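Here is a set of questions and answers on how the chains of one assembly fit together. Keep the structure open while you read.

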4 protein chains.
Amino acid sequence: MTTRMIILNGGSSAGKSGIVRCLQAVLPDPWPAFGCDSFVDALPARMRASDEGITFAADGGVSVGAEFRALEAAWREGVVAMARAGAKVIIDDVFLGGVESQQRWQKALGGLAVLWVGVRCESAVAAAREVARGDRVQGMAASQAEVVHEGVFYDLEVDTTHTESMVCARTIAAHVS
Amino acid sequence: MTTRMIILNGGSSAGKSGIVRCLQAVLPDPWPAFGCDSFVDALPARMRASDEGITFAADGGVSVGAEFRALEAAWREGVVAMARAGAKVIIDDVFLGGVESQQRWQKALGGLAVLWVGVRCESAVAAAREVARGDRVQGMAASQAEVVHEGVFYDLEVDTTHTESMVCARTIAAHVS
Amino acid sequence: MTTRMIILNGGSSAGKSGIVRCLQAVLPDPWPAFGCDSFVDALPARMRASDEGITFAADGGVSVGAEFRALEAAWREGVVAMARAGAKVIIDDVFLGGVESQQRWQKALGGLAVLWVGVRCESAVAAAREVARGDRVQGMAASQAEVVHEGVFYDLEVDTTHTESMVCARTIAAHVS
Amino acid sequence: MTTRMIILNGGSSAGKSGIVRCLQAVLPDPWPAFGCDSFVDALPARMRASDEGITFAADGGVSVGAEFRALEAAWREGVVAMARAGAKVIIDDVFLGGVESQQRWQKALGGLAVLWVGVRCESAVAAAREVARGDRVQGMAASQAEVVHEGVFYDLEVDTTHTESMVCARTIAAHVS
């Protein structure tokens with residue numbers, strides 16, 4: 001069955017975006033890539049600082065409200081429709097709810113052929129990379145490193161702690177059918 | 001009929017993005033906004049410099065190839081599916097093909113209730129604003145100012161030449177039902 | 001006397017950056033441009049959220065502490081030294097202290113030939129443009145619109161309320177000797 | 001002798017910016033950081049595509065012209081003056097001319113106490129990270145990896161090929177006196 005979508009899940013600063021760009025470079029077909037970050041950027045500014053929307057606490061905690069969830073569900077429907085219309089799509093996401101987040105995707109996907117990829121990184125290393133990149137609230141990496149993987153099923157997992165983005169991308173690409 | 005999508009069309013540097021952010025601020029519901037720029041950003045880097053993808057000439061000309069068109073069509077299907085799933089969505093686009101670009105949207109939309117908005121700006125003013133923003137190839141504004149509107153039908157048009165983004169946004173918001 | 005530096009002062013969202021880019025385009029010599037924003041970006045992340053550094057309140061208020069002031073004074077010395085070494089330099093700044101901020105520059109400048117430019121914008125218009133640009137804390141434009149000009153001397157003033165950046169830039173360029 | 005400036009030199013995508021942000025986090029004093037990138041960004045747009053300014057070839061080659069060199073020399077004078085005025089300053093640079101670039105800094109520095117740091121990364125690894133970051137012309141990393149270090153003297157060298165930015169930063173910080 002031809003892979004129609006690749007969904008990467010991992011905590012903040014685990015290295016998902018770098019892997020995505022390498023994947024886009026090594027996959028022979030042109031795969032557009034969308035992420036939960038691009039969805040958040042698409043929201044009205046007021047929702048990025050509202051209990052109904054999404055809030056980023058000073059300690060790196062992230063909470064989302066009912067309006068956010070409703071729009072996110074519609075966004076997932078849109079992404080799946082894009083894939084059904086013929087585009088091969090890469091998604092990078094942060095499963096704040098662990099397996100529940102995966103189930104939300106599965107519900108939207110129907111039977112669409114997806115490659116599930118876990119992107120791991122040791123918490124302390126991700127936290128240090130969070131400092132190095134300089135554009136994230138400190139604490140997000142550590143608080144998300146483990147919880148996003150709880151109960152989640154993967155076709156394969158990569159770990160960026162000691163492996164370069166490009167090497168992870170080649171491993172993933174080898175699993176795309 | 002409740003407006004489910006707002007599609008703004010205008011040339012580069014006509015002021016679409018500013019209007020979109022103001023619209024998001026003045027509309028009572030939370031409308032996520034997506035643009036052709038975000039779609040281009042989602043493509044593999046190699047497609048942003050390829051005849052099959054999208055090329056930006058030194059004089060501001062923009063050409064797109066067959067692969068780009070195929071993925072863009074799937075992207076439009078995804079956007080419409082998101083709206084059908086319950087999100088109210090704002091799109092800002094540049095109809096490089098004029099009325100043909102609009103027809104591609106209409107085909108994807110089926111009967112979905114859309115507010116069509118033309119965003120105009122005098123060519124010379126848009127060209128000067130292109131210099132002021134500093135992040136666009138010079139010449140795009142002038143080359144797109146007129147051609148993107150050719151044969152296109154609108155529910156309303158705004159002109160940013162002498163009118164602020166917020167004022168344009170309030171005018172548009174008043175037409176949302 | 002040949003103008004060696006152009007210092008623009010105005011509140012947030014008054015349109016300084018756009019004017020600077022247009023100035024760089026219309027001035028025949030190559031003028032590098034630096035702003036208080038680039039100085040703030042150069043600081044350690046922890047100083048951008050510290051009483052000793054610079055803090056941005058939720059209502060748009062900006063406060064700076066002793067460490068910030070000390071580093072900013074050294075930065076001004078550096079900018080002036082660059083101009084003395086032969087570069088013609090454009091600065092865009094926000095005189096949070098009004099005339100006191102100008103006096104700090106004058107102390108650093110010695111007798112260097114400067115063109116002082118006030119960039120004004122009606123408070124309500126600047127506040128609406130703050131929404132349109134979408135990357136600033138709301139309230140900064142309104143809270144700074146008047147106070148930054150208090151007691152400040154200018155060689156010329158421009159007002160972006162009804163005048164395009166490029167037109168302002170040409171007016172300023174005509175005063176460069 | 002108290003270290004007044006830290007100058008990091010390394011090729012594109014060797015990891016300088018990440019190390020700089022970690023250095024800013026671990027050093028007890030607040031060190032502002034400036035880089036050759038911020039200087040290039042300060043130039044008029046037309047100089048970023050001109051033989052007199054700086055040009056980026058499609059293969060990653062970078063050439064600079066006479067006007068660029070003159071302004072860069074003035075910029076170095078300004079940076080050193082900032083340090084003389086009391087700020088401790090971090091610079092990240094790409095010594096396109098190898099030891100000649102270092103000599104230009106030495107001439108500007110006079111006897112100011114500097115810590116010279118070489119930032120190395122295996123060419124193939126830097127080239128892969130260039131793909132992962134996605135915002136650089138491909139080929140820059142490989143073409144600069146060795147040449148920027150030719151004949152250059154360092155107080156210490158770090159290598160990001162197998163060492164995290166934060167670990168490199170701690171090593172450097174231990175050499176700051």
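The questions below deal with symmetry, interfaces, a helix crossing and salt bridges in this predicted model.

Q: Which kind of rotation axis relates chain A and chain B?
A: A rotation of 180° superposes chain B on chain A, with 0.0 Å of shift along the axis and an RMSD of 0.0 Å. The two copies are thus related as by a two-fold rotation axis.

Q: Which residue of chain B comes closest to that rotation axis?
A: The axis is the one that carries chain B onto chain A by a turn of 180°. Judged by C-alpha, the closest approach is 2.1 Å, and the residue is B:Gly78.

Q: How many residues does each chain bring to the contact of chain B with chain A?
A: The same surface serves both copies, with 100% of the contact residues of chain B recurring in chain A. Contact here means heavy atoms within 4.5 Å. Chain B gives 25 residues, and chain A gives 25 residues.

Q: What area do chain B and chain A bury between them, and which three residues of chain B supply the most of its share?
A: The size of an interface is often given as the accessible area lost when the parts come together. For chain B and chain A that area is about 1900 Å², with 69% of it on carbon and sulfur atoms. On the chain B side, 26% of the buried area comes from three residues, more than from any other three: B:Pro30, B:Ala42 and B:Arg46.

Q: Which residue of chain A has the C-alpha nearest the axis that relates chain A to chain D?
A: A turn of 180° and a shift of 0.0 Å along the axis lay chain A on chain D, with an RMSD of 0.0 Å. The nearest C-alpha in chain A is 4.0 Å from the axis and belongs to A:His162.

Q: What area do chain A and chain D bury between them?
A: 16 residues of chain A touch 16 residues of chain D. The copies meet through the same surface, because 100% of the interface residues of chain A are also interface residues in chain D. Carbon and sulfur atoms carry 62% of the buried area, which is about 1000 Å².

Q: How are H1(A) and H5(D) oriented to each other?
A: Helix H1 (residues 16-26) of chain A and helix H5 (residues 123-133) of chain D have axes that come within 7 Å and cross at roughly 100°. H1(A) and H5(D) are therefore roughly perpendicular.

Q: How do the residues of the contact of H1(A) with H5(D) divide by type?
A: H1(A) contributes A:Ser17, A:Gly18, A:Arg21, A:Cys22 and A:Ala25. H5(D) contributes D:Ala128, D:Val131, D:Ala132 and D:Arg133. They divide into five nonpolar, two polar and two charged.

Q: How many salt bridges cross the interface of chain A and chain D?
A: Side chains of opposite charge can pair when their charged atoms come close. D:Arg129 and A:Glu164 form a salt bridge, at 2.7 Å from N to O. Across the interface of chain B and chain A there are zero salt bridges. For chain A and chain D the count is two.

Q: How many residues apart are A:Asp37 and A:Arg136?
A: Their side chains meet in a salt bridge, 2.9 Å from N to O. A:Asp37 sits in helix H2 (residues 36-42), and A:Arg136 lies in the loop between helix H5 (123-133) and helix H6 (140-144) of chain A. The pair links distant parts of the chain, 99 residues apart.

How values were computed. Residues are numbered from 1 along each chain as its sequence is written. Chains are lettered from A and ligands numbered from 1 in the order in which they are written. This is a predicted model: local features need pLDDT of at least 70, side-chain atom pairs count only at pLDDT 80 or more; totals for chains, interfaces and linings use all residues. Side-chain values use heavy atoms; hydrogens and water are left out. Axes are lines fitted to C-alpha atoms, for helices over the stretch in contact, and angles run from 0 to 180 degrees between N-to-C directions. Helices (H or I, at least four residues) and strands (E, at least two) are DSSP runs, numbered from the N terminus. Angles under 35 degrees count as roughly parallel, over 145 as roughly antiparallel, 65 to 115 as roughly perpendicular and the rest as oblique. Ala, Val, Leu, Ile, Met, Phe, Trp, Tyr, Cys and Pro count as nonpolar, Asp, Glu, Lys and Arg as charged, and the others, Gly among them, as polar. Copies are superposed by least squares on the C-alpha atoms of residues with pLDDT of at least 70 in both. Buried area is the accessible area (1.4 Å probe) that two parts lose on being put together, summed over both. A salt bridge is a side-chain nitrogen of Lys or Arg within 4 Å of a carboxyl oxygen of Asp or Glu.
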